[in-house]
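Please look over the sequence and the model shown below before starting, and then work through the exercises in order. Each task is followed by a worked solution.

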Amino acid sequence: NIFWAVFIGFLLTFNTFAAVYAPQRSHSEVFFRGTDGYLYYYYVENGAWKYDNTSFRASQVSGDITAVYAPQRSHSEVFFRGTDGYLYYYYVENGAWKYDNTSFTSGRIAS
């Protein structure tokens with residue numbers, strides 16, 4: 001099973017990750033912190049694994065990653081603590097990843 005082969009690779013190579021089931025794709029999606037510190041996103045499209053390593057460059061990841069499926073958006077959402085100590089929230093709007101950099105600025109997250 002290709003999913004488990006890739007998934008085990010994440011466990012061996014990367015420090016932190018989150019996986020979520022995406023009903024619109026009928027498959028899992030995986031988010032992880034790469035060795036460069038940025039968030040990476042793997043998903044299945046047309047039966048093959050694809051990845052996005054450019055949409056999540058607002059901050060490097062410092063801590064755990066949490067991902068959920070948001071039925072109202074029909075897509076995953078992801079949260080993590082940035083290296084600046086603030087909470088980062090990414091979501092999909094009009095087919096593109098966006099991040100909210102205003103809702104969580106009243107305080108930093110303890111490390």
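**Exercise 1: placing N101**

N101 lies in the segment that follows strand β8 (96–100), where strands (E, at least two residues) and helices (H or I, at least four) are DSSP runs numbered from the N terminus. This is a predicted model, in which local features need pLDDT of at least 70 and side-chain atom pairs count only at pLDDT 80 or more, while totals for chains, interfaces and linings use all residues. Residues are numbered from 1 along each chain as its sequence is written, and side-chain values use heavy atoms, with hydrogens and water left out.

Task: state whether N101 is buried, partly exposed or exposed.

Solution: The cut-offs for relative accessible area are under 20% for buried and over 50% for exposed, with partly exposed in between (1.4 Å probe, protein chains only). At 45% relative accessibility, N101 therefore counts as partly exposed. As a further step, the C-alpha atoms of N101 and Y86 are 8.9 Å from each other, although these residues are 15 places apart along the chain.

**Exercise 2: the surroundings of R81**

Task: find what the side chain of R81 reaches, and where the nearest side chain of opposite charge is.

Solution: Begin with the location, since R81 belongs to strand β6 (residues 75–82). R81 is buried and has no salt bridge, a term that requires a side-chain nitrogen of Lys or Arg within 4 Å of a carboxyl oxygen of Asp or Glu. The nearest side chain of opposite charge is that of D84, at 7.1 Å. The side chain of R81 does, however, reach the backbone oxygen of I109 at 3.0 Å. Beyond its neighbours within four places in sequence, R81 has contacts (heavy atoms within 4.5 Å) with residues including Q60, D64, Y86 and I109.

**Exercise 3: strand β3 and its partners**

Task: explain why strand β3 (residues 39–45) is largely enclosed, and describe how it pairs with β2 and β4.

Solution: Six of the seven residues of β3 are buried, so the strand is largely enclosed by the rest of the structure. Pairing requires that DSSP find at least two bridges between two strands. Strand β2 (residues 27–33) runs antiparallel to β3 and is joined to it by four bridges, with R33 opposite L39. The hairpin of β2 and β3 has five residues between the strands, and G37 takes a positive phi near 95° there. On the β4 side (residues 48–52), five bridges form an antiparallel pairing with β3, and E45 stands opposite A48. That hairpin has two residues between its strands, and N46 takes a positive phi near 55°.

Notes: Lys, Arg positive; Asp, Glu negative; His and termini not counted. Polar contact = N/O pair within 3.5 Å; in protein donor to acceptor, adjacent residues only side chain to side chain.
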